[in-house]
Amino acid sequence: MGDARRLKDAVLIIPAVVAATIAIVLVVANPLAMPNDQSTINELTSPTENQPREEERQPTPEEPTTIGTSGPAVKNPPEEELEQHGTMPMEQFAERTGKTGEVLHDNRMMVAVNGYKVTDTIPITGPDGSSINTGSELGSKFLTVDLTVRSITGHTIPLSPNVFKLKTDVGEILPSPSTPLVDAGLKKLNLPDGQAARFFVVFEAPYFGNDLVLKYSDLTSTFEVTLSDNEARPPILSSESQPVYNTNQTMQDGSLQLLVTNVTPVNDNASDGDKTLLKLSLTFKNTGQSTIRVYPSYVFIQDEELYVYGQHDSTAGILSSPLSVTDLEAGESVSGDIIIMMPANSSNLIFMYTGPNNSYIARIP
């Protein structure tokens, strides 16, 4: 009987041993079947691809949040980003499409339309440097857009009227040739990195219609701003940094040296109660080994509202030693004067030389 009982127990034990062996083999072959550490448990309990993680659905405090239910997506930046970009806290960030009062941006630049107006006349600089009002062609009107552009650090933005168009319900309109002649009208400008500039772009047409959109394209950046409010407003962009020079100090950028020795009003008939002519005396020197070309058209004065004023070609006629386009060889220097007309009550003036390869920003004492 003892032998019979031992045989019976062996029959019962062998299947159990076989089952245990199979279970061990399965565990070794597929460790996910029996998680034995916390990381494996986390993998098993994480959501599937059709069910995103909770932290992905809820933005962190550092992430911008999308607000609004219609129109282009508008983002509200964190406070530190507002401070960095010099924008007013109540303004919203858009992407590449938006409306008046919003800051559009990409990784190179920012654009903000401050307002626009439709008029029968515009003020331009006359042949003697004076400011006169000129009328539009018969049956036409002027539409003047007030906007601010800021480059992002590390990028120099070449600006000119031809990078803008006005989209209307009857087609697209190119800027008027009068744009560079308008007080603070946009001239060719290489905006230094981190700097903001405010200017006007003028369009002329018999009819503008509704649904006006200002389009910007320089083959790298593209923006579209719906002109939704024609009331002018303060600028909502500012420069990222302050000038480190004064105009009576020698400035150096690369191999080009610049000294502005004089900024004085000119006693001329072109100066009146609203406008003044400022004469700037400049000296450039090439301290390198390669030829450098100097352009007087790269000289601007910026006022406290960020408007930029450049030289008008006709004003050179009232100077005894005007600065001209010059190729400086190694070690050479050149001196000359420039006259810029701007509002007489302007303050906190900043000198700007905005070449594509050399730029200077200096405060005018």
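1. Let me start with one strand pair in this predicted model. Strand β11, covering residues 164–168, runs antiparallel to β12, and three bridges hold the pairing. If you want a spot to look at, go to Thr168: its opposite number in β12 is Gly171.

2. Now zoom out to the sheet around that pair. It is an open one with five strands, and reading across you get β4-β16-β15-β11-β12, with mixed pairing. The edges are β4 (97–99) and β12 (171–173), each of which pairs on one side only. On average, neighbouring strands here are turned by 25° against each other, ignoring direction.

3. Over to another strand, β20, which spans residues 275–286 and includes Ser281. Is Ser281 buried or exposed? Ser281 comes out as buried, because its relative accessible area is 13% and the cut-off for buried is under 20%.

4. What does Ser281 touch, once neighbours within four places in sequence are set aside? The contacts are Leu259, Val260, Thr261 and Asn262, plus Gly336 and Asp337. Take a look at Asp337 in particular: its side chain and that of Ser281 are joined by a polar contact of 2.8 Å.

5. One last pair to check while you are there: Ser281 and Pro322. In sequence they sit 41 residues apart, and their C-alpha atoms are 9.0 Å apart in space.

Note on methods
Residues are numbered from 1 along each chain as its sequence is written. This is a predicted model: local features need pLDDT of at least 70, side-chain atom pairs count only at pLDDT 80 or more; totals for chains, interfaces and linings use all residues. Side-chain values use heavy atoms; hydrogens and water are left out. Two strands pair if DSSP finds at least two bridges between them. Helices (H or I, at least four residues) and strands (E, at least two) are DSSP runs, numbered from the N terminus. Axes are lines fitted to C-alpha atoms, for helices over the stretch in contact, and angles run from 0 to 180 degrees between N-to-C directions. Buried means under 20% relative accessible area, exposed over 50%, partly exposed in between (1.4 Å probe, protein chains only). Contact means heavy atoms within 4.5 Å. A polar contact is a pair of N or O atoms within 3.5 Å; within protein, one must be able to donate a hydrogen and the other to accept it, and residues adjacent in sequence count only if both atoms are side-chain atoms.
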